[in-house]
Amino acid sequence: MEQTSSLPLNLCHLQKTEIIINKLYMFLRSLAILALFYYRITTISQIIRTRETPILPYFLIFLAEIIFTFQWVLDQAYKWRPVTRTVYPERLPGEDQFPPIDVFVCTADPSKEPSLGVMNTVISAMALDYPPDKISVYLHDDGGSFVTLDAMREAWRFSKWWLPFCRKFGLKTRCPEAYFSGDSDDEFVSSAEFVAEKKEIQKRYDEFKEALERNSVNASGSVSRDHAPTIEVMNDVNGDAIDSSQLEMPLLVYVSREKRPSHPHHFKAGALNSLIRVSAVISNAPYILILDCDHYCNDPTSARQAMCFYLDPEISPKLAFVQFPQIYNIISGHDLYDSRLNYYSRKWFGLDGVGGPSIAGCNLYLKREALYGTKNDKKDIDLNHMKKSFGPSNELIKSISKTDKPNLVDNRKITSTLEKEVQLLASCTYDNQSEWGKQVGFIYFSVVEDNITSEVLHCQGWISVWLYPPRPCFLGSCTTSLSDMLVQQARWGLGLMQISLSKYCALIYGQGRMPILQRMCYTGGTTDPIYVVPFYTLCIVPQICLIHGIRLYPKVSDPFFVVFAFIFLASQLKHVQEVMFFGDSFMTALYELRVWMMKSASSYVYATLGAFLDKFGLQKANFSLTNKVVDDEQDERFNKGIYDFQGSTMVISPICILYILNLASFIFGITGIIQNHKADELFVQAFISFFGIIVNYHVFEGMVLRKDRGRVSTSVTLLSLVIAAVILCFGSLVLIY
């Protein structure tokens, strides 16, 4: 393949229409917000003078509006300069000029992350459309499970048949499960050769699945949190040197770092740092692809697409990573739980225009040099300084300085010397002897290691790009129950709030290091969980005042009513416009609004509380896996677009409590409005309750109308009813009397 030097490898396009709409909206809403603040200040001043009505509800509502405005201002940075990018992999130079790539896949528990899905991800990575001698795939097993290790060996055996089949017929879908389940868009002439080989491969894949099923019988009991490091390079079972046909196989390595109860393991960040060190002395590729165990490679050309940036001499020297979107392959037509994360994808287009997106957990090609925290000089290396940063391993130091590139012997076996080295690098005490997790590698401070690490990289002067190609390069498995989604969001929210409450808050930490708009984007993202404060305020305070006939908003006949109506309608219409501009339907906007409300009612409560407890040393942040195992009934409800309310009472009940409270306040409030002829005065408060009731009608269905197993349990409904009654009574005492 010859490079066409006169043509660019990539192009960046401004979304001009979107920018014009965004800035017009910013201007108009800013004027409306100024008018709103004027109304609030003058109204509160009058109440203080006359003392004719309780002042606390007005102060709380004004505080909620201030927080909403603060978050809105930060979010406008995403909308200032959104861009899209196009790549031209056909213009790349010859494959001999392609740099090597190490692929990292992390898993932890085969009972929650079934081996079949994990191995499909591993095999799809091995099958990337890239020179096989330049790909090394590492699976990190944080559970040290023999089930996962055995599955890796089976995956190696099957891949020796699968990879040649993919290359021979140029398959576009190289994840075996996706290909054989009919999700493939590959089309072939039904030649006898192809049909025969596909039948043979199908047989071997069925045998592969059966072997994994047998191995997984004791999956839950195979996970260990106290084990020595294990590193195994996959090879022939009999130990013989690989034959010539296997030389076209990428390197496949199983890694399980040492874990001891007495030593912190730093969750996924610790696993990734172990992989960085171990891979440095085995393959030492300059670029790393990071995948979650449930995100397989859907487009085998993703590496070539990323190289359109890394082989571009203008952008490559300062480019830390190329981020691809997280897209899911089993979404119901309704996307009940916002599994596509399009809300964040739309933001990432904006971040790309002001310095680059943050790391989104997985699906990114990352420059190894960027993770080392410094651009290393190949000459005049200070060994003592390097050891302080990178630890005592001389082989690791050599790999970092690029004075030596480690390689396995011809039969891909680890020598005894190399074995000792990787055991050291995967030990649980290695971090304590270095700056790993502090200045080097993925940062350990937060459970969302991706966000804080990318913030540090951007503060060091690196940039990143967001690539959203027409064909998804990676597809993952999404949550199929409300409880799982809320737990996942609580975990993410906890990590984000940890960052906001620390020195890494971007508005402070990034001062002088990042552009102001990029700092605003990072701050807006990490402070999302504080929406819990204004959300709960608007779900409780206006409702209690509605019942008692106390007006908190302008009358319909008041000119300031137009201000409040404009802010509400404009924000909702802007959301719909963004969703539809992205190519989705009006219903997508509704589902996204529902998810935001449910997250604010549930996930953000525990995230914010947990972050403050962690800040003051009262509770340690924890990391819980999202269950990837789905029963048939749950899957059926998901595909039919029916919400599943099974799960933890702790995460479901807050949603039900607020719904019952709003429903009760609306019923009693409307009764009072009719009796006292106060429709003009209390219209806004009645509308707030009504809006929440209608948008979240699925909660009413779950509590009252549905009879299936996915409904809200009777105990949760009764508990929520009691707590809602207590809030109404206690709230009335505090706010009114």
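**Exercise 1. Classify H677 by accessibility and describe its backbone.**

Solution. H677 has a relative accessible area of 72%, so it is classed as exposed. The cut-off for that class is over 50%. This value, like every other one here, was computed on a predicted model. Next, locate the residue: H677 sits in the loop between α22 (649-676) and α23 (679-695). Finally, check the backbone: phi of H677 is positive, about 55 degrees, although the residue is not a glycine. Most residues other than glycine have a negative phi.

**Exercise 2. Is N284 buried or exposed, and in which loop does it lie?**

Solution. N284 also has a positive phi, about 55 degrees, and is not a glycine. Its place is the loop between α7 and β7. The relative accessibility of N284 is 11%, so the residue counts as buried. The cut-off used in this step is under 20%.

**Exercise 3. Determine whether the annotated "binding site" residues gather at one spot.**

Solution.

1. Take the positions from the record. The unreviewed UniProt entry gives the annotation "binding site" to K268 and D292.
2. Set sequence against space. The two residues span 25 residues in sequence, but no two of their C-alpha atoms are more than 10.2 Å apart, so they gather at one spot.
3. Assign secondary structure. K268 belongs to helix α7 (residues 267-280), and D292 belongs to strand β7 (residues 287-292).
4. Compare accessibility. K268 counts as buried because its relative accessibility is 15%. D292, at 21%, counts as partly exposed. The boundary between these two classes is 20%.
5. List contacts, leaving out residues up to four places away in sequence. K268 touches D292, G361 and E449. D292 touches V105, T121, K268, G361 and C362. G361 thus appears in both lists.
6. Inspect the side chains. Those of K268 and D292 make a polar contact of 2.8 Å.

**Exercise 4. Describe the surroundings of H140, including what its side chain reaches.**

Solution. H140 is part of strand β4 (residues 135-141). Its relative accessible area is 0%, so H140 is buried. The side chain of H140 reaches the backbone nitrogen of R257 at 3.4 Å. Beyond four places in sequence, the contacts of H140 include V105, C106 and T107. Also among them are V255, S256 and R257, as well as A271, S274 and L275. V105 is a contact of D292 too.

**Exercise 5. Place Q460 and give its separation from A724.**

Solution. Q460 occupies the loop between α14 (449-459) and β12 (463-466). With a relative accessible area of 35%, Q460 is partly exposed. Outside its sequence neighbours up to four places away, Q460 touches A370 and G373. Along the chain, Q460 and A724 are 264 residues apart, and their C-alpha atoms are separated by 49 Å.

**Exercise 6. Identify the members of the largest nonpolar core that touch the most other members.**

Solution. The largest nonpolar core has 106 residues, and W162, I282 and Y365 touch the most other members. Helix α4 (residues 146-169) supplies the largest share of this core, 11 residues. Another core lies apart from it and has 63 residues, including L336, V541, Y659 and V699.

**Exercise 7. Examine the secondary structure of two annotated transmembrane regions.**

Solution. The unreviewed UniProt entry places the feature "transmembrane region" at residues 20-39, 55-74, 530-549, 556-573, 650-670, 682-700 and 712-736. Two of these are worked through here.

| Residues | Helix | Strand | End C-alpha atoms apart |
|---|---|---|---|
| 682-700 | 95% | 0% | 24 Å |
| 712-736 | 88% | 0% | 33 Å |

V699, a member of the core of 63 residues, falls within the annotated range 682-700.

**Exercise 8. How does the radius of gyration of the protein chain stand against the globule rule?**

Solution. Begin with the elements: the protein chain has 25 helices and 13 strands. Its radius of gyration is 28 Å, close to the 27 Å that the globule rule gives for 737 residues, so the chain is as compact as a globular protein of that length. Along the principal axes, the C-alpha atoms fill a box of roughly 90 × 60 × 55 Å. Of the 737 residues, 56% count as buried. Among contacts between residues at least 6 apart in sequence, 85% join residues at least 24 apart. The exposed area of the chain is about 30900 Å², and carbon and sulfur atoms supply 59% of it.

Definitions and conventions
Residues numbered from 1 in each chain as written. Predicted model: local features only at pLDDT ≥ 70, side-chain atom pairs only at ≥ 80, totals over all residues. Heavy atoms only, no water. Core = buried A, V, L, I, M, F, W, Y, C linked by side-chain atoms within 4.5 Å. Buried < 20%, exposed > 50% of the residue type's maximum accessible area, 1.4 Å probe, protein only. Helix = DSSP H or I, 4+ residues; strand = E, 2+ residues; numbered from the N terminus. UniProt positions renumbered as here; feature names shortened; annotations may be inferred. Contact = heavy atoms within 4.5 Å. Polar contact = N/O pair within 3.5 Å; in protein donor to acceptor, adjacent residues only side chain to side chain. Rg over C-alpha atoms; globule rule 2.2 N^0.38 Å. Areas by Shrake-Rupley, 256 points an atom, 1.4 Å probe, with all protein chains shown as cover.
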